[in-house]
Amino acid sequence: QVQLVESGGGLVQPGGSLRLSCAAAGSIVRINAMGWFRQAPGKQRELVAAVATGASPNYADPVKGRFTISRDNAKNTVYLQMNSLTPEDTAAYYCNADVTTLRGRYRGLWGQGTLVTVSS
């Protein structure tokens with residue numbers, strides 16, 4: 001069984017920065033892809049950024065140039081560095097992963113979510 005544990009959310013003023021972390025725990029053989037989605041109140045969940053092994057990161061247009069996704073493969077962890085935050089970035093942020101374990105491949109794994117609030 002694979003668990004995704006997120007951390008790093010909180011309250012930040014407009015223009016500020018936050019870094020989210022998501023660690024995948026379990027009998028993981030390979031991380032195929034990890035990413036971040038977000039869901040604002042009353043809106044659908046949307047992709048923020050994702051990175052597949054061996055590929056370049058993919059970003060949603062609203063966050064390009066402000067957010068950076070990175071991975072630490074040794075720690076099975078993905079990070080989301082968020083800079084120049086605006087109130088429009090306020091949402092619950094969810095980690096998503098596609099991993100291969102000793103028991104097989106698991107796609108569409110989700111973390112519990114971490115809340116990011118951008119407000120003065």
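The following dialogue discusses how to read several features of a predicted model.

Colleague: Let us begin with the covalent cross-links. How many disulfides does the structure hold?

Modeller: The structure holds one disulfide. C22 is joined to C95, with an S to S distance of 2.1 Å.

Colleague: Which parts of the chain does the pair C22 and C95 tie together?

Modeller: C22 belongs to strand β3 (residues 18-25) and C95 to strand β9 (residues 91-101), so the disulfide ties together parts that are 73 residues apart in sequence.

Colleague: Is the disulfide of C22 and C95 left-handed or right-handed, and why?

Modeller: The handedness is read from the torsion about the S-S bond, which is about -80° for C22 and C95; the disulfide is therefore left-handed.

Colleague: Are C22 and C95 buried or exposed?

Modeller: The cut-off needed here is that buried means under 20% relative accessible area. C22 has a relative accessible area of 0% and is therefore buried. C95 is likewise buried, with a value of 0%.

Colleague: I should like to turn to the sheet. In what order do the four strands of the open sheet lie?

Modeller: In general, strands of a sheet pair through backbone hydrogen bonds, and the pairing may be parallel or antiparallel. Here the four strands follow the order β1-β3-β8-β7, with antiparallel pairing, and the sheet is open. Its edge strands are β1 (3-7) and β7 (67-72), each of which pairs on one side only. On average, neighbouring strands of this sheet are turned by 15° against each other, direction ignored.

Colleague: How many bridges join β3 to β8, and how many join β1 to β3?

Modeller: Six bridges join β3 to strand β8 (residues 77-82), and the two run antiparallel. R19 has Q81 as its bridge partner in β8. Between β1 and β3, also antiparallel, there are five bridges. The bridge partner of E6 in β3 is C22, the cysteine that forms the disulfide with C95.

Colleague: Next, the interior. Which residues have the most contacts inside the largest nonpolar core?

Modeller: As a general idea, nonpolar side chains in soluble globular proteins tend to be buried together. In this model the largest nonpolar core has 32 residues, and those with the most contacts inside it are L4, M34, W36, L80, M82 and Y93. At least two core residues are supplied by each of β3, β4 (28-39), β5 (46-52), β7, β8, β9 and β11 (114-118). The largest share, five residues, comes from β9.

Colleague: How does one read the surroundings of a single residue? With which residues is L18 in contact, leaving aside neighbours within four places in sequence?

Modeller: L18 is found in strand β3 and, at 15% relative accessibility, counts as buried. With those neighbours left aside, L18 is in contact with G8, G9, G10, V12, L80, Q81, M82, L85 and V116. The C-alpha atoms of L18 and N83 are separated by 6.8 Å, although these residues are 65 residues apart along the chain.

Colleague: Let us finish with a loop residue. Where is D89 found, and is D89 buried or exposed?

Modeller: D89 is found in the loop between β8 and β9. Its relative accessibility is 1%, so D89 counts as buried. Apart from neighbours within four places in sequence, D89 is in contact with R38, R66, F67, S84, V116 and V118. V116 is also listed among the contacts of L18.

Methods:
Residues numbered from 1 in each chain as written. Predicted model: local features only at pLDDT ≥ 70, side-chain atom pairs only at ≥ 80, totals over all residues. Heavy atoms only, no water. Disulfide = S-S within 2.5 Å. Buried < 20%, exposed > 50% of the residue type's maximum accessible area, 1.4 Å probe, protein only. Pairing = 2+ DSSP bridges. Axes fitted to C-alpha atoms, helices over the stretch in contact; angles between N-to-C directions. Core = buried A, V, L, I, M, F, W, Y, C linked by side-chain atoms within 4.5 Å. Contact = heavy atoms within 4.5 Å.
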